[in-house]
Amino acid sequence: MRLLAWALRLCELSRQGAPGRPVSARVCLGLRISKGPRERCWASIRAVGTRSDLPSHPCVTIRIMRPDDANVAGNVHGGTILKMIEEAGAIISTRHCNSQNGERCVAALARVERTDFLSPMCIGEVAHVSAEITYTSKHSVEVQVNVMSENILTGTKKLTNKATLWYVPLSLKNVDKVLEVPPVVYSRQEQEEEGRKRYEAQKLERMETKWRNGDIVQPALNPEPNTVSYSQSSLIHLVGPSDCTLHGFVHGGVTMKLMDEVAGIVAARHCKTNIVTASVDAINFHDKIRKGYVITISGRMTFTSNKSMEIEVLVDADPVVDNSQKRYRAASAFFTYVSLSQEGRSLPVPQLVPETEDEKKRFEEGKGRYLQMKAKRQGQAEPQA
């Protein structure tokens with residue numbers, strides 16, 4: 001019954017809203033109580049912004065973290081958080097793209113910028129996911145998402161994630177037709193100019209990534225510990241109706257959750273400790289994945305620092321019942337994991353031993369990304385000192 005009390009308290013807070021500002025979300029509370037030897041009580045809480053909230057007010061979703069959202073140590077899976085982020089982004093971008101009279105559409109995820117996991121989220125905490133449109137081009141929408149975790153026993157909140165996502169509107173009549181996006185009104189001209197720069201930068205990087213992602217992960221016999229082959233892993237998944245949008249294509253959040261699961265397996269095999277997602281580099285969605293396709297999600301270790309591991313994850317789609325199309329690369333990304341002790345402290349990780357020339361090349365490229373991000377973080381910290 002404690003969970004029921006938590007849920008009612010959250011509902012009360014949602015009705016109150018922020019001081020001097022009306023609540024911009026509708027809260028729906030679902031409860032089920034089953035009696036017997038295994039009596040359980042659970043609550044699923046969601047909040048969905050109304051049409052009038054757009055585009056000036058964020059769309060907010062709220063959900064309590066359950067045991068099936070977390071690993072054995074009680075830390076919520078990074079893939080679960082990524083899926084919640086994508087759901088909020090899809091809601092606000094689809095609403096915006098249908099805010100004017102015209103051909104109806106659904107927003108499809110094209111890219112997720114680098115996402116840092118600033119603080120772990122645990123079972124029993126409530127995730128507040130807030131999405132807001134920050135820029136629109138002719139055919140795309142930029143959505144920025146913040147995730148807060150709330151301990152509803154103490155009322156304390158903390159920022160756990162910040163993410164930027166890009167969506168494109170696809171016609172409901174023709175999934176290959178990209179529609180125009182209704183423009184937004186900016187309060188300052190600088191906002192539009194900054195958004196245009198971000199749009200051009202992500203567009204260029206997405207094209208470059210698509211061309212360099214032609215290789216595949218090959219299995220190896222009797223690999224040695226700490227090598228790339230020793231920890232590399234693959235997951236094969238048949239795309240079903242529950243994975244898909246109204247179009248019959250896979251939700252971006254479903255793909256990201258599967259990618260995080262494979263990356264987590266690679267990290268756990270390498271260091272054999274509790275591991276958590278530290279960050280996700282830009283995730284590029286190169287092509288749509290249709291219902292009924294078989295997808296292979298492959299992960300391999302590319303670089304290790306003293307306390308972090310970089311894992312490359314590749315998603316290949318196989319249209320097994322469609323002879324007119326060949327297997328293709330659907331998505332790719334780099335995940336960074338850290339190893340934790342039972343007390344939650346960061347642990348050193350075993351150093352990766354690259355064997356082939358390709359593995360050594362990928363190791364050096366990963367080292368470059370690591371040093372670049374480290375320098376960027378140090379540069380951001382210096383003005384605050």
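The lining of the largest pocket mixes residue classes: 15 nonpolar, 14 polar and 16 charged. The pocket itself has a volume of about 1400 Å³. In this predicted model, 45 residues line that pocket. Closest to its centre are Arg-114, Asp-116, Asp-281, Met-373 and Lys-376.

Several elements give two or more residues to this lining. The strands are β5 (115-117), β7 (141-150), β8 (157-171), β10 (274-280), β13 (309-318) and β14 (328-340). The helices are α3 (189-212) and α6 (357-381). Helix α6 gives the most, with eight residues.

Now turn to the second largest pocket. Its volume is about 950 Å³. Its lining counts 39 residues. Nearest the centre lie Ala-108, Leu-109, Ala-110, Val-168 and Leu-170. The elements that give two or more residues here are α2 (78-97), β4 (105-112), β8, α3 and α5 (252-271). The most comes from α3, with six residues. By class, the lining holds 20 nonpolar, 11 polar and eight charged residues.

Two elements link the two descriptions. Strand β8 and helix α3 each give two or more residues to the largest pocket, and β8 and α3 also do so for the second largest pocket.

Step back to the whole chain. Its secondary structure comes to six helices and 15 strands. Of its 385 residues, 48% count as buried. The accessible surface comes to about 20300 Å², and carbon and sulfur atoms account for 52% of that area. Sequence separation is the next point. Take the contacts between residues at least 6 apart in sequence: 71% of them join residues at least 24 apart.

Last come the cysteines. How many disulfides does the structure hold? The count is zero. Cys-97 shows why. The closest cysteine sulfur to that of Cys-97 is in Cys-105, at 4.8 Å. A disulfide needs the two sulfur atoms within 2.5 Å, so this pair is too far apart for a bond. Is Cys-97 buried or exposed? Its relative accessibility is 6%, and buried means under 20%, so Cys-97 counts as buried. Cys-122 has a relative accessible area of 30%. That value lies between the 20% and 50% cut-offs, so Cys-122 is partly exposed.

Definitions and conventions
Residues are numbered from 1 along each chain as its sequence is written. This is a predicted model: local features need pLDDT of at least 70, side-chain atom pairs count only at pLDDT 80 or more; totals for chains, interfaces and linings use all residues. Side-chain values use heavy atoms; hydrogens and water are left out. Helices (H or I, at least four residues) and strands (E, at least two) are DSSP runs, numbered from the N terminus. Buried means under 20% relative accessible area, exposed over 50%, partly exposed in between (1.4 Å probe, protein chains only). Contact means heavy atoms within 4.5 Å. Accessible areas come from the Shrake-Rupley method with a 1.4 Å probe; for residues, only the protein chains shown count as cover. On a 1 Å grid over the protein atoms alone, a cavity is a set of points where a 1.4 Å probe fits but cannot get out, and a pocket is an open set with protein on both sides within 12 Å along at least five of seven lines; lining residues have an atom within 4 Å of a point. Grid points are joined across faces, edges and corners, and a volume is the space filled by probe spheres set on the points. Ala, Val, Leu, Ile, Met, Phe, Trp, Tyr, Cys and Pro count as nonpolar, Asp, Glu, Lys and Arg as charged, and the others, Gly among them, as polar.
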